[in-house]
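Colleague: I would like a close look at one part of this model: the place where the two chains meet. Please take me through the helices and strands there.

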Amino acid sequence: MKVLVPVKRVIDYNVKARVKSDQSGVDLANVKMSMNPFCEIAVEEAVRLREKGVATEVVAVSIGVTQAQETLRTALAMGADRAILLQSDQDLEPLAVAKALQALVAEEQPQLVLMGKQAIDGDNNATGQMLSALLGWPQATFASKIEIEGSKAKVTREVDGGLQTLELDLPAIVTADLRLNEPRYASLPNIMKAKKKPLDVKEVGSLGVDLAPRLKVLKVTEPPKRAGGIKVETAADLVSKLKNEAGVL
Amino acid sequence: MAVLVIADHDNASLKDNTHKTVTAAQALSSDVDVLVAGKNAGGVAEAAAKIAGVRKVLLAESDQLGEGVAEAVEALVVPLMAGYDAVLTPATSQGKNFSPRIAAKLDVAQISEITEVVDGSTFVRPIYAGNALETVQSADAKKVITVRATAFKAAGEGGSAAVEKIDAGAGAAKTRFVDQQLVKSARPELSGAKIVVSGGRALGSAEEFQRVIEPLADKLGAAVGASRAAVDAGYAPNDYQVGQTGKVVAPELYVAIGISGAIQHLAGMKDSKVIVAINKDADAPIFQVADYGLVADYKNAVPELMDALTAAGK
């Protein structure tokens with residue numbers, strides 16, 4: 001079984017995003033960039049499936065700028081077998097990414113597309129579901145457990161109020177939630193090995209799909225700052241303030 | 001132009017997220033219909049019909065809709081969109097699951113988790129875990145929108161819309177519901193609670209979390225939340241998690257106990273009306289957003305708080 005894992009290069013999880021003073025976006029110049037954490041979880045799960053002998057090949061794909069090759073090398077160092085960069089200098093919306101992935105799926109014919117539930121830059125949480133709808137493949141989002149049994153996948157999902165389990169006919173799309181696994185750190189020998197693994201680069205435009213943006217960003221602004229409050233000395237003081245000053249008790 | 005709101009419910013009761021999404025929808029159009037997709041959900045449809053300003057309630061029922069299978073919801077909604085210019089869904093785990101499918105099938109963008117309607121095609125939405133707000137204008141003829149319900153006031157009661165039963169649609173052939181395990185609780189639901197008491201990593205164990213946080217929550221009639229650190233450490237179940245990767249809450253009162261205030265947690269609670277923080281580290285970032293901070297070890301502070309609440313008649 002071949003597993004395709006789309007990964008995205010985003011601002012590092014530990015870096016606080018700063019809005020540019022001209023309100024044109026978030027300042028990404030000289031900011032540490034990394035693989036989106038949910039994508040990392042998806043790569044880890046795919047590699048584990050191969051280690052268990054369930055998957056035979058793990059192909060990582062990224063859509064983005066030249067530097068996204070670094071993100072793909074990380075995926076290769078974690079254990080992916082080969083990688084594809086669909087190069088684009090344009091920041092693509094989830095619908096465009098889903099269409100590009102749909103075209104790539106037609107070429108690669110994977111049995112499973114395993115991807116992060118959302119990227120921590122745009123916070124859209126949409127690409128996996130869109131890809132599933134475009135392909136007509138079944139979907140299981142927010143996965144916390146994946147079991148492959150023959151031509152079926154049994155996926156436990158995190159839903160409001162608990163867990164839900166679905167059974168999907170393969171091929172299928174699964175999106176990873178936080179508790180699916182804890183991604184490994186790539187070891188130095190594996191990082192060296194990853195440099196020799198195949199990484200194909202092609203222009204995303206060569207897929208011949210509609211990548212036009214549907215949304216125009218008018219401005220990006222800082223959220224209103226919350227003014228810091230006061231310190232109280234005792235619990236009794238706190239209760240009295242909540243009751244008489246804030247009026248919330 | 002008419003707009004459709006997809007109701008948030010559990011087949012038994014209508015959730016307040018629906019009322020809040022109706023408010024967002026009313027900023028787009030005065031013709032707002034509500035779709036209840038479920039199973040044995042007649043009571044939910046009756047409740048939706050009472051939301052003030054709702055024109056009509058559509059009720060579609062099947063096993064798969066009752067189980068919330070995303071493919072089935074999409075198959076139901078996409079043909080209905082011939083009669084609507086926009087569809088709005090509360091950004092719950094269920095809404096996020098199916099809404100992008102509808103957008104893809106209509107070949108339009110999804111505008112995710114809006115917090116403000118500027119005009120009929122312009123919306124504000126948080127990005128980067130709420131560290132930035134993006135104002136976007138949609139060029140699509142039909143709008144597919146998910147709504148961060150906490151950013152909108154709930155529409156009132158007093159409506160008397162008609163309930164119309166409609167066909168449930170094709171359903172999904174390649175996805176089967178197996179089972180679900182929902183946590184039963186007598187406490188209010190986290191995302192809609194008026195008061196939330198959350199515990200962090202400082203609690204140190206699941207036993208301590210239950211011993212300290214839960215009685216305080218019950219005394220206040222509050223929902224229980226937790227930081228991601230506490231959830232990852234196994235002190236609290238997954239669905240307690242408040243933050244960028246968990247639930248976004250905006251209660252009247254948010255009480256953070258032993259929570260340092262990582263960016264990812266603040267993203268989930270900083271829109272609360274009043275924030276209280278109890279932490280023994282005076283430099284913890286949580287104090288920068290707290291209206292009332294108490295620098296103290298929770299081990300002493302929470303029992304004192306319980307006593308003070310009792311003294312105040314709680």
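Modeller: What follows starts with one helix pair and then moves out to the chain contact and the strands. Keep in mind that this is a predicted model.

Start with helix α4 of chain A, residues 127-135. It packs against helix α5 of chain B, residues 93-106. The two axes are 8 Å apart and meet at an angle of about 50°. An angle between 35 and 65 degrees counts as oblique, so α4(A) and α5(B) are oblique to each other. The crossing of α4(A) past α5(B) is right-handed.

Which residues make this contact? From α4(A) come A:Gln129, A:Met130, A:Ser132, A:Ala133 and A:Leu134. From α5(B) come B:Asn97, B:Pro100, B:Arg101, B:Ala103, B:Ala104 and B:Lys105. By type, the contact of α4(A) with α5(B) has six nonpolar, three polar and two charged residues.

α4(A) also has neighbours in its own chain. It lies across three strands of chain A: β6 (112-116), β7 (139-149) and β10 (172-176). Against β7(A) it runs at about 65°. So much for the helix pair.

Now the whole chain contact. On the chain B side, 72 residues touch chain A; on the chain A side, 66 residues touch chain B. α5(B) gives the most to the chain B side, with nine residues. That side of chain B divides into 35 nonpolar, 19 polar and 18 charged residues.

Strands join the chains too. Strand β12 of chain A (residues 215-221) pairs with strand β8 of chain B (residues 132-138). The pairing is antiparallel, over six bridges. In β8(B), B:Leu133 is the residue opposite A:Thr221.

There is also an open sheet with strands from both chains. It has 10 strands, and its pairing is mixed. The order is β11(A)-β5(A)-β4(A)-β1(A)-β6(A)-β10(A)-β7(A)-β8(A)-β9(A)-β11(B). The edge strands are β11 of chain A (199-203) and β11 of chain B (175-182). Each of these edge strands pairs on one side only. On average, neighbouring strands of this sheet are turned by 25° against each other, direction ignored.

One pair inside chain A shows the parallel sense. Strand β1(A), residues 2-7, pairs with strand β4(A), residues 57-64, over six bridges. Here A:Pro6 stands opposite A:Val61 in β4(A).

Definitions and conventions
Residues numbered from 1 in each chain as written. Chains lettered and ligands numbered in written order. Predicted model: local features only at pLDDT ≥ 70, side-chain atom pairs only at ≥ 80, totals over all residues. Axes fitted to C-alpha atoms, helices over the stretch in contact; angles between N-to-C directions. Helix = DSSP H or I, 4+ residues; strand = E, 2+ residues; numbered from the N terminus. Parallel < 35°, antiparallel > 145°, perpendicular 65-115°, else oblique. Left-handed = near helix turned anticlockwise from the far one by under 90°. Contact = placed C-beta atoms within 7 Å. Nonpolar A, V, L, I, M, F, W, Y, C, P; charged D, E, K, R; others polar. Pairing = 2+ DSSP bridges.
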